[in-house]
Each structure stands twice: as structure tokens, then as C-alpha cells.
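Subject: Handover of a structural model

Dear colleague,

Please find below the structure that I am handing over to you. I would be grateful if you would keep it open while reading the notes that come after it.

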Amino acid sequence: MTLLVHTYVYDADGTREFLEDPDHAETMAGFENTRGRLWGSEAIRALGARFFPRLDGGDLYVEPVEVNDFLAECEVVRAHVDHLAERSGYDADYITARFDNIVAAAVRAKAEGGGVIVW
């Protein structure tokens, strides 16, 4: 199974409405086992990440009011991709591609006043 990243906004009734996202390749966020082995790993937790570790055992919802904090966390994580690759066993290019998809979704969400889901 593959993890995907999507953006959403809330409509007037408070229902989550998914935005049109780019091609499928740009919505991939990893394999199912990246939940714990990468995004929820001790290595990422040691960086002070609080959003990514939510994927270890569940889906990650970044609410609209959290998007700026999530993007700040992404900047910290980006500087340590090589370390995460070494610790997780995933290739740095693989991590970077999935990570870039997640960041791009967060940037789109911020522009629309929406949130991000990785599931």
C-alpha cells in the first residue's frame, strides 16, 4: 500500500473538501512501512518533529491553523534527509521526492487556506 498526500479545505458546513491535486506521482508520500521506519522513526523524533511521527500508527492531518508550523518542521527535516536515509535504509533521493510532494501539498494548502492529509 502507498501513502498519499492531499490538500483540503472546509466548506461552509465544516465538511472537508479535497482540492484538485497534481498527477498521482506528485501525491506519493511513501510506502506503508515508511509510517514507522521513516516518518515516525526515532531519527525524525530526535529532530523535534511533532507532525511526522503521527504517521506511526495513524494518518496525519495538518489542520489549516497548523500549516505554518508544519512547514517550519519541514524546513528542519529537510536539512537532515541524508541522516534519515542512513537511519531508515531508504535512499536519500526516494525520501527527497516523497518529502517534496508533502511540502508542495502544504504550500498549496497554505495558499488556499486549507490543510494537508497524509494517508
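The notes below take up the strands, then two helix contacts, and finally one loop residue.

Please note that this is a predicted model.

Strand pairing

Strand β1 covers residues 2-10 and pairs with strand β3, residues 28-31, in the antiparallel sense through three bridges. Within that pairing, Leu4 lies opposite Met28 of β3. Strand β1 is also joined to strand β5, residues 115-118, by four bridges, and these two strands run antiparallel. Val118 of β5 is the bridge partner of Val5, and Gly115 of β5 is the bridge partner of Tyr8.

A further antiparallel pairing, over three bridges, links β1 to strand β2, residues 16-18. Here Tyr8 has Phe18 of β2 as its bridge partner. Tyr8 thus has a bridge partner in β2 and another in β5. Five residues separate the strands in the hairpin of β1 and β2, where Gly14 adopts a positive phi near 85°.

Strand β5 also pairs with β4, again in the antiparallel sense and over three bridges. In this pairing Val62 is matched with Val116 of β5. In a regular strand, side chains alternate between the two faces of the sheet. For β5, both faces are covered: Gly115 and Ile117 are buried on one side, and Val116 and Val118 are buried on the other.

Helix packing

Helix α3, residues 67-78, packs against α5 at an angle of about 155°, and their axes are 10 Å apart. Angles over 145 degrees count as roughly antiparallel, and α3 and α5 are therefore roughly antiparallel to each other. The crossing of α3 with α5 is left-handed. On the α3 side, the residues involved are Val67, Asn68, Phe70, Leu71, Cys74, Val77 and Arg78; they meet Phe99, Asp100, Ile102, Val103, Ala106, Val107, Ala109 and Lys110 of α5. Sorted by class, this contact has 11 nonpolar residues, one polar residue and three charged residues.

Helix α4, residues 81-88, packs against helix α5, residues 92-112, at about 120°, with 9 Å between the axes. That angle makes α4 oblique to α5. Their crossing is right-handed. Val81, Asp82, Leu84, Ala85 and Ser88 of α4 make the contact with Ala92, Ile95 and Thr96 of α5. By class, the contact of α4 with α5 has five nonpolar, two polar and one charged residues.

A loop residue

Asp59 is located in the loop between α2 (42-46) and β4 (60-62). Is Asp59 buried, partly exposed or exposed? Its relative accessibility is 33%, so Asp59 counts as partly exposed, given that the partly exposed class lies between the 20% and 50% limits. Setting aside neighbours within four places in sequence, Asp59 is in contact with Arg35, Arg54, Val118 and Trp119. One of these contacts, Val118, is the residue of β5 that bridges to Val5. Between Asp59 and Phe31 there are 13 Å in space, C-alpha to C-alpha, and the two are 28 residues apart in sequence.

Yours sincerely

Definitions and conventions
Residues are numbered from 1 along each chain as its sequence is written. This is a predicted model: local features need pLDDT of at least 70, side-chain atom pairs count only at pLDDT 80 or more; totals for chains, interfaces and linings use all residues. Side-chain values use heavy atoms; hydrogens and water are left out. Two strands pair if DSSP finds at least two bridges between them. Axes are lines fitted to C-alpha atoms, for helices over the stretch in contact, and angles run from 0 to 180 degrees between N-to-C directions. Angles under 35 degrees count as roughly parallel, over 145 as roughly antiparallel, 65 to 115 as roughly perpendicular and the rest as oblique. A crossing is left-handed if the near helix is turned anticlockwise from the far one by less than a right angle, and right-handed if clockwise. Contact means heavy atoms within 4.5 Å. Ala, Val, Leu, Ile, Met, Phe, Trp, Tyr, Cys and Pro count as nonpolar, Asp, Glu, Lys and Arg as charged, and the others, Gly among them, as polar. Buried means under 20% relative accessible area, exposed over 50%, partly exposed in between (1.4 Å probe, protein chains only).
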